Amino acid sequence: MKIVGLSCFYHDSAACVIEDGCIVAAAQEERFTRKKHDDAFPSAALRYCLAEAGSLGSGAGVDAVAFYDKPVLKFHRILETYLSTAPRGLGQFSRALPVWLREKLWIEPRIQEELERAGIEPPERIWFPEHHESHAASAFYPSPFEAAAVLTVDGVGEWATATIGVGEGARLVLLEQLDFPHSLGLLYSAFTSFTGFKVNSAEYKVMGLAPYGEGTYTDLILRELIDLKPDGSFRLDMGYFGYLDDLEMTNERFAKLFGGPPRAPEAPLTKRDMDLARSVQEVTEEIVLRMARHARQLTGKSRLCLAGGVALNCVANGKLLRAGVFDELWIQPAAGDAGGALGAALAIWHNELGKPRAADGRHDAMQGAYLGPEFSPAQIRAYLDAAGAVYRELSDAEWAPVVAQRIADEQVVGLFHGRMEFGPRALGNRSIVGDPRSPRMQSLLNRKIKQRESFRPFAPACLEERIAEVFELDRPSPYMLLVADVKRERCLPPRGDERRLDLNEWVNRPRSDLPAITHVDFSARVQSVSRATNPRFHRLLEAFDALTGCPVLINTSMNVRGEPIVCTPADAFRCFLRTQLDCLVLGPFLLDKAAQPPLGENADWSGSRSGGSTWPGSATD
Ligand SMILES: [Fe+2]
């Protein structure tokens, strides 16, 4: 039985197909259209997933479709919110209304139409689980746990902004919920916007900025903005926020409370911005901790599954783990709305149709999150030949040692192989990798390759079996969703003058023997790499370790600022030519930058996928 899951029209549209409960394919629309956080109907991702499932063009059809929320209920919330604030919210409401009437309320005929266009007979029924039911299902069903508490926290779904539930076997029940407008996700987004970053996109920049600041506003936030209860539920004082009746997240009263107007995008970061980031991060951690404690009490379970956009806050996740509220945590790697597509499909399979679920307590069902398109060596070679690229093919035996040597020589390497990751992080298959021991690597990567803010640290990928040697972490973290400290003995003592330094000076001052991945608070956003889920990446780490004695690589996503992570060999080649990557590994092929024809002379690559595209890709190319 094949079930399609879909999420769209808010941010990070995605599609997936599950077959008899197993995940066959899952991907975000942005990767195909090359529009970051694309919220359009996921036509391209759907076609890819159908192709991967062998349904596209087969006439075989699918058995059910699940959409990740209830659009009519969501529309009720928008109407009710407007009526409760009218006429103040007219501007916001009149902007939203046409889109709802034109598109968002008509999701059922749209799905039917899209399936028919793909040559697939629409199923009899399209299911609409609630938004947080989809998040909760994405957290619990693929987890390794037979039974667990489930916590979902995000901006908003229909009404819910956070839920606590319990999963047992194939059954998942939501027990309690916190309702709009009281939302931890929206509170975090309000500070994201106020500190000059993009809402629904740059929340993780605020998290990355937090360690530079001090929690000088933490008490003020807790006193003025939030009425926080011991069980983690809270009420926001809406007199400070704009999102009920305005196009802005915060208002003048908010600005007055925090000593002046918001930071303009791209303006220099001040101490206030850093302190605000630290303060909202501390408040977030406290709320998540209280919610988790309450979930433990309510459910009596010793394991916790997490999803919703706030579950991408890996600093809060790390603190939650160390607080020991639960014995084990499992976090859905596509914790944001993209993962809702997967949760919706799984909710139908298990919760509605009552199909059993097998959980062995150790392995999750996400297959390392490698659920997207893959390209064969023949497909990559055909592309490279057409593009006029200069490359050489590495034998299987020389692949890992040769690539590892390049990294050890301080080259910055684009690494493209296997299936694309589902969720916001590149986990080694669409990555840029480098030597974490190099003191110049963080600022080199930030400025010359990623073209992004210099304060942001890079994440380490580490051999799973060596994690405890390098980090204060005693368990795997396969999805880069836990922050842990770099081992104390690897760190250099702080000199005490850090907060008086200019931001760039502080960033560039080595803090450990792995300076490129050690944040200013000596923490790191760890990815553990296992032989079972990613044997090729694991081999590369082993080869690097054999050369250098270091079982860690820098791992950052292969994209330039403002663009989604690369999907195809063409995307990767374009990224390679546009940035200062030294070499690119495309499957078995190695490309050196210096050997390539000058940019612009390759007529074939330049426009190949720049203006959006349609699938089929890997299955039919
Ligand atoms: Fe959500």
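Here a trainee and a mentor talk through a predicted model of a protein and the terms used to describe it.

Trainee: Let's begin with the whole fold. How many helices and strands are there?

Mentor: The protein has 21 helices and 21 strands.

Trainee: And what makes the protein as compact as a globular protein of that length?

Mentor: Set two values side by side. The radius of gyration is 24 Å, and the globule rule gives 25 Å for 621 residues; the two are close, so the protein is as compact as a globular protein of that length. Along the principal axes, the C-alpha atoms fill a box of roughly 70 × 65 × 45 Å.

Trainee: What share of the residues counts as buried?

Mentor: Of the 621 residues, 62% do. As for the surface, about 23100 Å² is exposed, with carbon and sulfur atoms supplying 50% of that area.

Trainee: How much of the contact count comes from residues 24 or more positions apart?

Mentor: Taking contacts with a separation of 6 or more, such residues account for 73%.

Trainee: Now to the rings. Why is the aromatic pair of Phe 573 and Phe 576 called tilted?

Mentor: First, the centres are 6.2 Å apart, and rings pair if their centres lie within 6.5 Å, so this counts as a pair. Next, the planes make an angle of 40 degrees. Stacked needs under 30 degrees and edge-to-face needs over 60, so 40 degrees is tilted.

Trainee: Where do Phe 573 and Phe 576 lie?

Mentor: Both are in helix H20, residues 569-578, and they sit 3 residues apart, about one turn of the helix.

Trainee: How do you know whether Phe 573 is buried or exposed?

Mentor: Its relative accessibility is 0%, and buried means under 20%, so Phe 573 is buried. Phe 576 also has 0% relative accessibility, so the cut-off makes Phe 576 buried as well.

Trainee: Which residues do ring pairs link into a cluster?

Mentor: The cluster consists of Phe 180, Phe 191, Phe 194, Tyr 217, Phe 241, Tyr 243, Phe 254 and Phe 258. Across the whole structure, the search finds 21 aromatic pairs.

Trainee: One last residue, Arg 488. Why is Arg 488 called exposed?

Mentor: Exposed means over 50% relative accessible area, and Arg 488 has 69%, so the word applies. You will find Arg 488 in the loop between strand E17 (482-485) and helix H18 (503-508). The C-alpha atoms of Arg 488 and Val 470 are 9.1 Å apart, with the two residues 18 positions apart along the chain.

Definitions and conventions
Residues are numbered from 1 along each chain as its sequence is written. This is a predicted model: local features need pLDDT of at least 70, side-chain atom pairs count only at pLDDT 80 or more; totals for chains, interfaces and linings use all residues. Side-chain values use heavy atoms; hydrogens and water are left out. Helices (H or I, at least four residues) and strands (E, at least two) are DSSP runs, numbered from the N terminus. The radius of gyration is taken over C-alpha atoms; the globule rule is 2.2 Å times the number of residues to the power 0.38. Buried means under 20% relative accessible area, exposed over 50%, partly exposed in between (1.4 Å probe, protein chains only). Contact means heavy atoms within 4.5 Å. Accessible areas come from the Shrake-Rupley method with a 1.4 Å probe; for residues, only the protein chains shown count as cover. Rings of Phe, Tyr and Trp (its six-membered ring) pair if their centres lie within 6.5 Å; planes under 30 degrees apart count as stacked, over 60 as edge-to-face and the rest as tilted.
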